[in-house]
Amino acid sequence: MTRRRTLGWLSASLAALALAATAPAAQAADPIKIGFGMALTGPLAANGKMSLVAMQIWEDEVNAKGGLLGRPVKLIFYDDQSSPAQVPAIYSKLLDVDKVDIVISGYASTQIAAAMPLVMERKRMFISLFGTGINDEYNYGNYFSMIPNGPTPKPAFTRGFFAIAAQQNPKPQSIAIASADAEFGRNACEGAHENAQKGGLKIVYEKSYPPNTTDFAPIVRAVAAAKPDLFVICSYPLDTVGMIKAMNESGFKPKMWGGAMVGLQATVFKTQLGPLLNGVVNYDTWLPVKSMQFPGSMELLKKYQARAAKEGGVDPLGYYMPVWAYARQQVLEDAITATKSLDDNKLADYIRKTTFHTVVGDVKFGAKGEWAEERTIAVQFQNIKGNTVEDFRDPSKEVVLYPPKFKSGDVIYPYEKAK
C-alpha cells in the first residue's frame with residue numbers, strides 16, 4: 001500500500017510538473033491578434049480585397065519564420081461593406097469580444113474617420129491605410145498614416161497635376177473643380193482649391209455633388225459652359241467611372257483634366273473604361289516602373305499575382321494597394337520586434353522616431369502621423385487600345401509624370417492630342 005501510494009504521489013507530481021512545463025509553451029502559442037474592418041463588398045471592395053491579399057501574404061510569411069515574440073500572428077477582420085456606418089460596431093467587437101492585441105484600419109478615408117472616435121477613446125495605437133487628412137481634425141498622437149501624401153495631405157493628391165499644367169505653354173488660366181460630398185472628395189478638392197489659388201488660376205466652377213449621384217451629364221455640361229482650361233475631379237470609384245463616361249459622351253475637351261479620381265488605380269475599373277482613359281492625368285502612388293522598384297516590391301508583386309490568379313475575384317495586377325498594405329504590416333512587424341512589446345504607447349513611441357525600410361521605400365512619419373515627406377505621383381493614361389488586363393499590364397500605358405525623380409515619360413498636351 002505504501003509503495004502504491006508513493007508511486008501515485010510520484011505520478012501526480014510528474015503530471016503536475018509536465019503541466020507546468022507546457023503552460024508557458026501553450027501561452028506562447030496564443031496568437032497575436034491584429035484586428036480591422038475591410039471593404040470586401042460594395043464600391044470600395046476592389047481596393048479592399050487586394051489590400052487583404054497582401055496582408056495575408058505577410059501573415060503567412062511571418063508565421064513561416066516563427067511569428068512575432070515567439071507567437072503566431074492572426075488577422076481578425078470583418079467586411080465593412082464599404083459603409084462607414086458599419087465601422088464602429090466592427091471595432092467594438094474587435095476590442096470587446098475578440099480582444100485583439102492590435103487594431104489597424106481598413107481601406108479608405110471614410111472608414112478610417114468612422115473608427116477614430118472609438119480608437120481614441122480606448123487610447124489605442126492606430127495605423128491607417130490610405131486616409132486623407134484624417135488627423136487634421138482629431139490631432140491624435142498615436143495615429144499614423146500609410147499613404148505617401150506627406151505633411152500636407154489634402155493638396156498632395158493634385159500637386160502633381162498642377163505642377164504639370166504650370167509647365168505648359170501657353171500656361172492654363174482657369175479651372176473647374178467638382179467633388180463628391182464625402183470625406184475624401186471634400187479633403188482632396190479643398191487641397192485642389194489651395195493649389196489653384198497658389199498657381200494663380202481663376203476658378204470658374206467649384207461645386208460638390210451627392211455621393212449617390214448616378215447621372216453626371218448635367219455636371220459635365222455645367223463645367224463645359226464655364227469653359228475652363230483645366231478640370232479637376234475628386235471622386236470615388238463609381239462616380240469616377242460615371243464622370244469619365246459623361247466626359248467622353250459630351251465631347252468636352254479641356255486642355256487637361258483628371259486630378260484625384262479614386263478607382264483608376266484598380267484593374268477592374270481600368271478594363272471597364274479602356275481607351276476612354278487616354279489623356280486623363282490622375283494621381284497614383286506606386287507603379288512597377290524601374291524608378292519605383294524598391295527592395296522587395298517586385299517579389300511581393302509576383303506572390304500577389306500568383307495568389308490572385310488562384311483566388312479569383314481580386315485585382316489580377318495589384319499595382320495599387322498591395323505594396324501599401326504590406327508596407328504597413330512591415331512597420332507593425334518592425335515595431336513589435338524592436339520593442340518586444342504589444343503595448344500601444346511603446347509601439348507608437350517607436351514608430352514616431354523610426355525610419356522603416358519597406359517595399360515602398362523608406363518610410364518616416366512626421367507631423368500628425370503623416371509621412372514626413374510627400375511622394376504622391378501623377379500619371380497620364382496613354383495609347384490604350386482595348387479593355388483587357390493585358391492592355392494595362394505594361395506600365396508604359398500609365399506614364400509617371402511627377403515627381404521628376406520617378407518620371408517615366410512625357411505628358412501629351414493638350415488632352416485632345418492624347419484622345
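In the predicted model, strands 1 and 3 run parallel and are joined by 2 bridges. Within this pairing, Gly35 stands opposite Val103 of strand 3. The two strands belong to an open sheet of 3 strands. The strand order is 2-1-3, and the pairing is parallel. Strand 2 and strand 3 (102-103) occupy the edges. Each has a single partner strand, so one side of each lacks a neighbour in the sheet.

The protein chain as a whole contains 15 helices and 14 strands. Its C-alpha atoms fill a box of roughly 105 × 40 × 35 Å along the principal axes. Of the 419 residues, 57% are buried. Contacts were also examined by sequence separation. Among those with a separation of 6 or more, 69% involve residues 24 or more positions apart. The accessible surface of the chain comes to about 17200 Å². Carbon and sulfur atoms contribute 54% of that area. The chain carries 46 positive and 40 negative side chains. The centres of these two sets lie 3 Å apart.

Aromatic side chains were considered next. The search of the whole structure finds 15 aromatic pairs. One of them joins Phe36 and Phe77, whose ring centres are 5.6 Å apart. Their planes meet at 20 degrees, under the 30-degree limit, so the pair counts as stacked. The pair links distant parts of the chain. Phe36 sits in strand 1 (residues 32-38) and Phe77 in strand 2 (residues 73-79), with their positions 41 residues apart in the numbering. The two partners fall into separate accessibility classes. Phe36 has a relative accessibility of 0% and therefore counts as buried. Phe77, with a relative accessible area of 28%, is partly exposed.

Phe356 and Phe365 form an aromatic pair with edge-to-face geometry. Their centres are 6.4 Å apart, and the angle between the planes is 65 degrees. The cut-off for burial is a relative accessible area under 20%. Phe356, at 1% relative accessibility, is therefore buried. Phe365 is likewise buried, with a relative accessible area of 3%.

An aromatic cluster is made up of Phe130, Tyr320, Trp324 and Trp371. Phe130 also has an unusual backbone setting for discussion. Its phi is near 65 degrees, a positive value in a residue other than glycine. Phe130 lies in the loop between strand 4 (126-129) and helix 5 (134-138). The relative accessible area of Phe130 is 6%, so this residue is buried. Phe130 thus combines a positive phi with burial and a place in the aromatic cluster.

A positive phi is also found at Ala108, a residue other than glycine, with a value near 100 degrees. Ala108 is placed in the loop between strand 3 and helix 4 (109-121). At 4% relative accessibility, Ala108 counts as buried. The loop that holds Ala108 begins after strand 3, an edge strand of the open sheet.

Cis peptide bonds were identified as well. One joins Asn169 and Pro170, with omega about 0 degrees. Pro170 is in the loop between helix 6 (153-166) and strand 6 (174-180). The peptide bond from Tyr413 to Pro414 is also cis, with omega near 0 degrees. Pro414 lies in the loop that runs between strand 14 (398-402) and helix 15 (415-418).

Helix 7 (residues 183-198) contains Asn195. The relative accessible area of Asn195 is 7%, which places this residue in the buried class. Neighbours within four places in sequence were set aside in listing the contacts of Asn195. Its remaining contacts are Pro155, Thr158, Arg159 and Phe162. Helix 6 spans residues 153-166, and these four contacts of Asn195 carry numbers within that span.

Notes
Residues numbered from 1 in each chain as written. Predicted model: local features only at pLDDT ≥ 70, side-chain atom pairs only at ≥ 80, totals over all residues. Heavy atoms only, no water. Buried < 20%, exposed > 50% of the residue type's maximum accessible area, 1.4 Å probe, protein only. Contact = heavy atoms within 4.5 Å. Areas by Shrake-Rupley, 256 points an atom, 1.4 Å probe, with all protein chains shown as cover. Lys, Arg positive; Asp, Glu negative; His and termini not counted. Charge placed at Lys NZ, Arg CZ, Asp CG, Glu CD. Phe/Tyr/Trp six-rings, centres within 6.5 Å; stacked < 30°, edge-to-face > 60°. Pairing = 2+ DSSP bridges.
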